[in-house]
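Here's a walk through one protein–DNA model, salt bridges to begin with and DNA contacts after that. Keep the viewer open as you read.

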There are 2 protein chains.
Amino acid sequence: MIFTTKAEYGVRLLVELGRQPNESPVSLKAIAESEGLPLAYLERIVALLKRAELVESTRGAHGGYRLARDPENVTMDEVVLALEGSVAPMSCFVDETDDGRVLCSHVDDGEACATKFLWLRVQGGVTEALRRTTLAELVAFSAKQDVAQTPVPLGSALPLHSAA
Amino acid sequence: MIFTTKAEYGVRLLVELGRQPNESPVSLKAIAESEGLPLAYLERIVALLKRAELVESTRGAHGGYRLARDPENVTMDEVVLALEGSVAPMSCFVDETDDGRVLCSHVDDGEACATKFLWLRVQGGVTEALRRTTLAELVAFSAKQDVAQTPVPLGSALPLHSAA
DNA sequence: GCTTCTCCTACCGCATTGGTAGGATTAAGC
DNA sequence: GCTTAATCCTACCAATGCGGTAGGAGAAGC
């Protein structure tokens, strides 16, 4: 069981936005270069964050993205939900009812299977871990990493994945 | 983020074995028919459980599988670990070191990323939820479901997925 | 020796993931 | 008003992994 890179890249993007001191928007290109991520792919990811009203955008030259809220009020469960579409440990959980609640297909035939009992517990553990982690916490963590090493101001490209 | 059917089917198989009153082994065919699962696929799944010494097998006619331990002493974290190979929320966690510990690839380049901090928390939530759930608990749960409806002795085929 | 099992390995269709390409729209700066 | 820099949008594509199948070889009861 695994999250996709959407969650990874999306969270990194939000952390990068949270590290910006002022209110001026940051272009995706700057973030892509700073994190070493493909720009075109990031565009699709940030669209998910915008649809969930986690970021705001301004178009045109000198445009970009900024956080829509204070990082303290952004919990990771809504972030991951926006990025991955669902936080479900089993595929049958994804089939949702109309109001968005998860629904195990096994319930349909009147059979409350023991595995559903287990996956619900797992799902609870995941969402709880996500909910008690705020974006502000991650931003502070990454800032701490910076002073331990060298500060990395935006603009100086430091690829993470693709070795230079 | 999602578990595969290996975990689903494997846990169901163990629950079915745990429901057996006596010590005589149960054939995979009986379980496959009872749960409505493909036999050939179950064979590969039960091999994982046997390799992890969670089940024992006797070959030949009237052979089959039985639990290697008491259900009280079987926790779901080792079950899922045996079935899925790892309990990792992010793909970079799967690359293991030689002693089996998870290792985020970002650590290699001296960068302790904020996302790793998050995924470790998620992983902790998952493994904790799995560890505090025993097979005995799931067996008891499924038994309770039975008295609420009609008891389903093994042998009477009741397909779950493929509607008859 | 037939049948009923476990066991092993190779194969295959399909969906999803991660990523690319190309362009349309918007706005700032000159 | 033109250029430029940025968001937006959609179609496309290769690779991977998942769920499942096929076909058999060995083991043990009857």
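B:Glu56 counts as partly exposed, with a relative accessibility of 38%. Its salt-bridge partner is B:Arg66, and the N to O distance between the two side chains is 3.2 Å. B:Glu56 sits in strand 1 of chain B and B:Arg66 in strand 2 of chain B, so the bridge ties together parts that are ten residues apart in sequence. B:Arg66 itself counts as buried, because its relative accessibility is 17% and the cut-off for buried is under 20%. Bear in mind that this is a predicted model, and that every distance here is computed from it.

That pair isn't alone: over all chains, the structure holds twelve salt bridges. As a general point, side chains of opposite charge can pair when their charged atoms come close. Another example is B:Glu78 with B:Arg69, at 3.1 Å from N to O. Both ends of that one are partly exposed, B:Glu78 at 25% relative accessibility and B:Arg69 at 31%. Over in chain A, salt bridges with shared partners link A:Glu8, A:Arg12 and A:Glu35 into one network. A:Glu35 belongs to helix 2 (residues 28-35) of chain A, and its side chain makes a polar contact of 2.9 Å with that of A:Arg12. Is A:Glu35 buried or exposed? It's buried, with a relative accessible area of 10%.

There's also a bridge between B:Arg121 and A:Glu137, whose closest N and O atoms are 2.6 Å apart. This one crosses between chains, running from helix 6 (residues 114-131) of chain B to helix 7 (residues 135-148) of chain A. A:Glu137 is partly exposed, at 26% relative accessibility.

Now for the nonpolar side of things. The largest nonpolar core has 85 residues, and A:Val11, A:Trp119, B:Val11 and B:Trp119 have the most contacts inside it. Setting aside neighbours within four places in sequence, B:Trp119 touches residues of both chains, among them A:Phe3, A:Val11, A:Val80, B:Pro89 and B:Phe93.

On to the DNA. Strand C is surrounded by 23 residues, the closest being A:Arg44, A:Arg59, B:Lys50, B:Ser57 and B:Tyr65. Of the strand C atoms that come within 4 Å of the protein, 62% belong to sugar and phosphate. By class, the surface near DNA strand C has eight nonpolar, nine polar and six charged residues.

DNA strand D has 24 residues around it, with A:Leu28, A:Lys50, A:Ser57, B:Thr5 and B:Arg44 the closest. Sugar and phosphate make up 62% of the strand D atoms within 4 Å of the protein. Eight nonpolar, ten polar and six charged residues form the surface near DNA strand D. Helix 3, strand 1 (55-58) and strand 2 (64-67) of chain A, along with helix 1 (5-19) and helix 3 of chain B, each supply at least two residues to that surface.

Here are some of the individual polar approaches to the two strands:

| Protein atom | DNA atom | Distance |
|---|---|---|
| A:Gly60, backbone N or O | strand C, base oxygen | 3.3 Å |
| B:Arg44, polar side-chain atom | strand C, base nitrogen | 3.3 Å |
| B:Ser57, polar side-chain atom | strand C, phosphate oxygen | 2.7 Å |
| A:Glu43, side-chain N or O | strand D, base nitrogen | 3.0 Å |
| A:Lys50, polar side-chain atom | strand D, phosphate oxygen | 2.5 Å |
| A:Arg59, polar side-chain atom | strand D, base oxygen | 3.0 Å |

Notes:
Residues are numbered from 1 along each chain as its sequence is written. Chains are lettered from A and ligands numbered from 1 in the order in which they are written. This is a predicted model: local features need pLDDT of at least 70, side-chain atom pairs count only at pLDDT 80 or more; totals for chains, interfaces and linings use all residues. Side-chain values use heavy atoms; hydrogens and water are left out. Helices (H or I, at least four residues) and strands (E, at least two) are DSSP runs, numbered from the N terminus. Buried means under 20% relative accessible area, exposed over 50%, partly exposed in between (1.4 Å probe, protein chains only). A polar contact is a pair of N or O atoms within 3.5 Å; within protein, one must be able to donate a hydrogen and the other to accept it, and residues adjacent in sequence count only if both atoms are side-chain atoms. A residue is near a molecule or strand if one of its heavy atoms lies within 4 Å of it. Ala, Val, Leu, Ile, Met, Phe, Trp, Tyr, Cys and Pro count as nonpolar, Asp, Glu, Lys and Arg as charged, and the others, Gly among them, as polar. A nonpolar core is a set of buried Ala, Val, Leu, Ile, Met, Phe, Trp, Tyr and Cys residues joined through side-chain atoms within 4.5 Å. Contact means heavy atoms within 4.5 Å. A salt bridge is a side-chain nitrogen of Lys or Arg within 4 Å of a carboxyl oxygen of Asp or Glu.
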